[in-house]
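Got the viewer open and a selection box ready? Let's take a walk through this one, stop by stop.

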Amino acid sequence: MLQLMQHKEPDKVKAANKWNTLLIAISQDRNRAAFKEIFEHFAPLIKAYAFKVTELSKAEILAEELAQETMIKVWNKAHTFKPDKAAAGTWIFTIARNTRIDLIRKYSKQWKANVSEFDENVLTADDIWPDQNDDVYNQLEAISNKQRILELINELPIEQLTVIKTIFLDGLSHSEAAKKLKLPLGTVKSRARLALQKLKLTIDV
Amino acid sequence: MTKYHPDTRFISDFAAGSLPLSQALCVSAHLHYCDDCKQKVEQLTDLGSVLFDKISPMNLEQDFSSLMQRIDSMPENNAQFNSEVITASTKSSPLPAALNKLTNNDLDSLNWQGIGKNFRYSELNTGDSIRETSLINIKAGGNVPRHLHKGDEITVVLKGSFSDQDDHYLAGDFIVRTSGEIHTPVASQDEDCLCLSTLEEPIQMTNWFYRLLMPLFKQSAQAL
């Protein structure tokens, strides 16, 4: 086991720093033991995240592929992770999110038929959803933001939690979530807004 | 200063990665100009990451050693490790990164279609089969033919500015028009206005061109 963590830090920061430290070990030393720890925690979450895309008949294939593709990207892109700008867990989540977007498009026939002749300029999820945001956020903000969300999320009423889970995990937009949950769009919108308010996340002025 | 921003719904769907590609392109174009919304996206991505961490994990069929075998057999592995991967749009580029890629960094060589002297558009292939996405160029002082919106439309101002009956819109502004609204945008006098626009196309077979002309035909028929 790796002994890279500093033991004097408070527990919250230590947990968040664990993934940071491991990512840096991959980036600097191509450390396989560090990568194995990340793999063992995240790959099974990524597989389950793929299964959330319920309307896809190929969820089985997609799930293994998503876990593998995402982990390969984590290995190859570890050096682009900026530890002072983001939490490592969020960074890995964005890679899984972007890879899932691209895999869903790959498996969608419509998509293939539509752009086969424009290959060189085809947009990938990374073009639109950058996995690294430059100058607006830092790691301390990210850690305290995540910590607050973790503390408050258990207090959300179940109907609000269901709505934000559907939006953030199932790959469904507000209007698609409304269809799936058999709710009016307005109800989905207001439940999502109430949930974000309770989590003290920025909402509209 | 950017005045019109995507609402919470757009920002959440964007951060979750569930927004259709053409609409996500519009949000990402807005983020190029707006640090406030960028920060909101970051915070909501943190929320996504917290929810992600609470999923019940599923066992993989392939284990770590088979993944490493696959990685070791990839010839590009080391090359990829050494090359910088930068996809985030930077302030130094006048246009958002995704648009630079879609237009090959060369707006002049796009296939522009004109309507009248002052208005031209070029359709972009985003891979979204439901929505039509175009760059729109209005000559300084020129106007877009009066038109009726049949589906929801998002417009993001990229360069210059334009006005309609409601307000004046500057670079970065993210404007949503819903079905049934009529408006007549006019570019400011001093500069051409470049916009990104995506239009929801229900079942109709008409394209942007006919869509724009149809209300004009209706108007002349009714002698408006």
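Before the first pick, one bit of vocabulary: two strands pair if DSSP finds at least two bridges between them. Also keep in mind that this is a predicted model.

**Stop 1: the whole thing, coloured by chain**

Start with chain A. Its secondary structure is ten helices and zero strands, so to speak a run of α-α-α-α-α-α-α-α-α-α when read along the sequence. Of its 205 residues, 42% count as buried. Take the contacts in chain A between residues at least 6 apart in sequence: 63% of them join residues at least 24 apart.

Now switch to chain B, where you'll find seven helices and eleven strands. Chain B has 224 residues, and 38% of these are buried. With contacts picked in the same way, between residues at least 6 apart in sequence, 71% in chain B join residues at least 24 apart.

**Stop 2: a hairpin in chain B**

Select residues 113-115 and 119-124 of chain B. These are strands β1(B) and β2(B), running antiparallel and joined by three bridges. Which residue of β2(B) stands opposite B:I115? Show both side chains and you'll see B:F119 there. Three residues lie between the two strands of this hairpin, and B:G116 has a positive phi near 70°.

**Stop 3: on to the next strand**

Keep β2(B) on screen and add residues 131-138 of chain B, which is β3(B). The two strands run antiparallel again, with six bridges between them. For landmarks, B:R120 has B:N137 as its bridge partner in β3(B), and B:Y121 has B:I136. β2(B) and β3(B) also make a hairpin, with six residues between the strands. In that turn, click B:G127 to find a positive phi of about 90°.

**Stop 4: the other partner of β3(B)**

Add residues 193-200 of chain B, which make up β11(B). β3(B) pairs with β11(B) in the antiparallel sense, over eight bridges. One place to look is B:R131, which stands opposite B:E200.

While β3(B) is selected, check its surroundings. Is this strand mostly covered or mostly open? Mostly covered: eight of its eight residues are buried. In a regular strand the side chains alternate between the two faces of the sheet. Here, B:R131, B:T133, B:L135 and B:N137 lie on one side, with B:E132, B:S134, B:I136 and B:I138 on the other, and all of them are buried.

Zoom in on B:E132, which sits in β3(B). Why does B:E132 count as buried? Because B:E132 has 21 C-beta neighbours inside 10 Å, and the cut-off for a buried residue is 20 or more. Now draw a C-alpha to C-alpha distance from B:E132 to B:L25: the two are 12 Å apart in space and 107 residues apart in sequence.

**Stop 5: a three-stranded sheet**

Still in chain B, select residues 162-163, 168-169 and 186-187. They form an open sheet in the order β7-β6-β10, with antiparallel pairing. β7(B) and β10(B) are the edge strands, each pairing on one side only. β6(B) and β7(B) are joined by two bridges, and you can pick out B:F162 with its bridge partner B:Y169.

**Stop 6: where the chains meet**

Bring both chains back. How many residues of chain A are in contact with chain B? There are 69, touching 56 residues of chain B. Several helices of chain A give two or more residues to this side, including α2, α3, α4 and α7. α2(A) gives the most, with ten residues. By class, chain A's side divides into 36 nonpolar, 18 polar and 15 charged residues.

**Stop 7: one helix pair across the interface**

Last pick: residues 139-153 of chain A and residues 35-53 of chain B. These are α7(A) and α3(B), whose axes come within 9 Å and cross at roughly 50°. That angle is why α7(A) counts as oblique to α3(B). The crossing is right-handed. To see the contact, show A:A142, A:N145, A:K146, A:I149, A:L150 and A:I153 from α7(A), then B:Q43, B:D46, B:L47, B:S49 and B:V50 from α3(B). Coloured by class, this contact has six nonpolar, three polar and two charged residues.

Conventions:
Residues numbered from 1 in each chain as written. Chains lettered and ligands numbered in written order. Predicted model: local features only at pLDDT ≥ 70, side-chain atom pairs only at ≥ 80, totals over all residues. Helix = DSSP H or I, 4+ residues; strand = E, 2+ residues; numbered from the N terminus. Axes fitted to C-alpha atoms, helices over the stretch in contact; angles between N-to-C directions. Parallel < 35°, antiparallel > 145°, perpendicular 65-115°, else oblique. Left-handed = near helix turned anticlockwise from the far one by under 90°. Contact = placed C-beta atoms within 7 Å. Nonpolar A, V, L, I, M, F, W, Y, C, P; charged D, E, K, R; others polar. Buried ≥ 20, exposed ≤ 12 C-beta atoms within 10 Å, placed from the backbone.
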